[in-house]
Amino acid sequence: MDKNYIIIMNRLAINISEYDPYYKRYIEKLPEDRSLLNHFEIGKREVMEFFLSIPEDKLQYRYAPNKWNCKEIYQHLIDTERIFMHRCFRIARRDTTPLAGFDQNIYINPSGANQKTTHKLMTEFMINRNHSISLLESLTNEDLKYIGNANGGPMSARAAAFVIPGHNIWHIDIIKERYL
């Protein structure tokens with residue numbers, strides 16, 4: 001097994017058959033010239049810098065009723081990374097149990113995102129991201145290519161991982177467009 005593969009593997013290595021077409025919107029957001037690991041390492045800094053740059057008066061702004069505010073979106077990024085890295089881990093370990101989907105909307109209120117400071121959210125994000133990087137560094141090429149079942153469809157371990165930084169970019173773009 002080539003442990004160095006993760007250092008060079010970019011999003012073009014993934015075949016559309018490795019994930020549900022819904023996730024294409026996130027994976028295609030990723031620059032082609034970055035490796036999977038670089039997306040996580042560089043993305044950590046980019047996400048933290050972006051959320052620190054949001055003016056205090058915009059952190060709880062909602063552009064429409066029933067839409068999440070910036071703090072809630074930050075928490076959503078953290079929670080989604082947890083879920084998708086859990087999928088990545090289980091699939092990479094050859095777990096053939098179908099992995100359930102999740103209702104992202106019910107996670108927000110119990111998360112307490114609006115009671116957390118930006119610093120607290122950033123710390124939570126950073127710890128979680130470091131955990132994700134550690135897991136990725138422990139996986140082999142074969143581990144990452146393994147395909148399991150998540151939310152009723154095929155998903156490779158590497159596709160689950162690639163969705164995360166693309167999902168971050170997706171939401172940052174929405175914040176730039178609709179919140180700031």
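Helices are DSSP runs of at least four residues, numbered from the N terminus. The model treated in these exercises is predicted.

**Exercise 1.** Determine how the length of helix H4 compares with its expected span, and what is found at its two ends.

*Solution.* Step 1: H4 covers residues 70–92, which is 23 residues. Step 2: From its first C-alpha to its last, H4 reaches 32 Å, close to the 33 Å expected at 1.5 Å a residue. Step 3: At the N-terminal end, Asn69 acts as a cap, with a side-chain oxygen 3.0 Å from the backbone nitrogen of Lys71. Step 4: After H4 comes Arg94, which has a positive phi, near 70°.

**Exercise 2.** Establish whether H4 is largely enclosed or not.

*Solution.* Step 1: Buried means under 20% relative accessible area. Step 2: Of the 23 residues of H4, 19 are buried, so H4 is largely enclosed by the rest of the structure.

**Exercise 3.** Describe the packing of H4 with helix H8.

*Solution.* Step 1: The axes of H4 and H8 (residues 157–178) are 7 Å apart, at an angle of about 170°. Step 2: Angles over 145 degrees count as roughly antiparallel; H4 and H8 are therefore roughly antiparallel to each other. Step 3: Residues of H4 in this contact include Ile73, Leu77 and Phe84, and those of H8 include Ala160, Ile164 and His167. Step 4: The contact of H4 with H8 comprises 14 nonpolar, five polar and two charged residues.

**Exercise 4.** Find the relative direction of helices H3 and H6.

*Solution.* Step 1: The axes of H3 (residues 36–53) and H6 (residues 118–138) come within 10 Å and cross at roughly 180°. Step 2: H3 is therefore roughly antiparallel to H6.

Methods:
Residues numbered from 1 in each chain as written. Predicted model: local features only at pLDDT ≥ 70, side-chain atom pairs only at ≥ 80, totals over all residues. Heavy atoms only, no water. Axes fitted to C-alpha atoms, helices over the stretch in contact; angles between N-to-C directions. Parallel < 35°, antiparallel > 145°, perpendicular 65-115°, else oblique. Expected span 1.5 Å × (residues − 1). Buried < 20%, exposed > 50% of the residue type's maximum accessible area, 1.4 Å probe, protein only. Polar contact = N/O pair within 3.5 Å; in protein donor to acceptor, adjacent residues only side chain to side chain. Contact = heavy atoms within 4.5 Å. Nonpolar A, V, L, I, M, F, W, Y, C, P; charged D, E, K, R; others polar.
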